[in-house]
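User: I'm new to this structure and would like a close look at a single part of it, the open sheet. Could you walk me through that sheet and what surrounds it?

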Amino acid sequence: MTGLRYVYAVCRPFRTPLQAQLTGVTGAPAALLHHHGLVAVVSTVPEADFCEEALKAHLEDLDWLAATARAHQGVVDALTTVTTPLPLRLATVFRDDSALRMMIEAREDDFRRLLDRLDGRVEWGVKVYLEPEPAEDEPAAARPVSGRDYLRSRRERSHAQEDRWQRAERFAHSLHGRLAERAEDVRLHRPQNSAISGTTGQNVLNAAYLVPRAHSEEFVELVDRTKDEAPGIRVELTGPWAAYSFSGEASGEQDEAATGAKTGVESGAESGKGPGEGR
């Protein structure tokens, strides 16, 4: 292969073939690089677009990030159907196969430990939102007629909003406790900014749960039973994903990958370090 090596994930050897038409970033077909009993899932990308200078520019381009993240996630999702992948961060590239093999050797023990831990497990994402209050027309008779009335009305609305927020926090805390009991591990992520995500409502809980695949149905049923518990509060479930939040290689909400929320880059030709956090 010519060009740079883009790496999606590391896994153990598997027998089930990948989809024949599976393509990754820039439309290149996904391939397997075997080394020391591990497999790196890779594709070839043009150096002109993935060298250090080009990536600095691309990482400011949200459309480029979205397309790259979708292609990256597509390959990892396909891997999840045939094995337990250890996803690497978005835009992890190496100069050539030799540099990639050196990285695998340097991190071999860590990879094996993480793969053992994640085997047979998937990630589920749960978000809780406080829905916006429905807009209501204020009766003319109720409109404030003085500055004092106006300030009192503002205080009442502020107190009502604070009460709604506290109720949503109590619900999210209770739900998180119940879900954590069904999970082997948990990651609490920063709440989403609705202006960036385009999602309505205020994000109260943004969490990822590591769940044995065999217990996923019970986990999903538990989430579903809570969705109507509290009026004005919305619960969203995503997954099952590869265990991005628990791999030590990537972080963030997998369903936000298409927005390019977070990312990082490494050139294997210039660094002996393993991929760091971000995607």
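Analyst: Buried residues, meaning those under 20% relative accessible area with a 1.4 Å probe and protein chains only, make up 46% of the 279 residues in the chain. This is a predicted model, where local features need pLDDT of at least 70 and side-chain atom pairs count only at pLDDT 80 or more, while totals for chains, interfaces and linings use all residues. Residues are numbered from 1 along each chain as its sequence is written, and side-chain values use heavy atoms, leaving out hydrogens and water.

The chain has eight helices and ten strands; these are DSSP runs numbered from the N terminus, helices being H or I with at least four residues and strands E with at least two.

Now to the sheet you asked about. Four strands form an open sheet in the order S7-S8-S6-S9, with antiparallel pairing; two strands pair if DSSP finds at least two bridges between them. In general, strands of a sheet pair through backbone hydrogen bonds, either parallel or antiparallel. At the edges lie strand S7 (185-188) and strand S9 (233-241), each pairing on one side only. On average, neighbouring strands of this sheet are turned by 20 degrees against each other, direction ignored; the axes behind such angles are lines fitted to C-alpha atoms, for helices over the stretch in contact, and angles run from 0 to 180 degrees between N-to-C directions.

Let's start at the S9 edge. Strand S6 (residues 121-130) is joined to S9 by seven bridges, and the two run antiparallel. Here valine 128 stands opposite valine 235 in S9. Helix H8 (residues 216-226) packs on the sheet and touches S6, strand S8 (202-212) and S9, contact meaning heavy atoms within 4.5 Å. The direction of H8 makes about 5 degrees with that of S6.

At the other edge, strand S7 holds aspartate 185. The side chain of aspartate 185 makes a polar contact with the side chain of arginine 117 (2.3 Å); such a contact is a pair of N or O atoms within 3.5 Å, and within protein one must be able to donate a hydrogen and the other to accept it, with residues adjacent in sequence counting only if both atoms are side-chain atoms. Leaving aside neighbours within four places in sequence, aspartate 185 is in contact with Arg117, Ala208, Tyr209, Leu210 and Phe246.

Methods. Buried means under 20% relative accessible area, exposed over 50%, partly exposed in between (1.4 Å probe, protein chains only).
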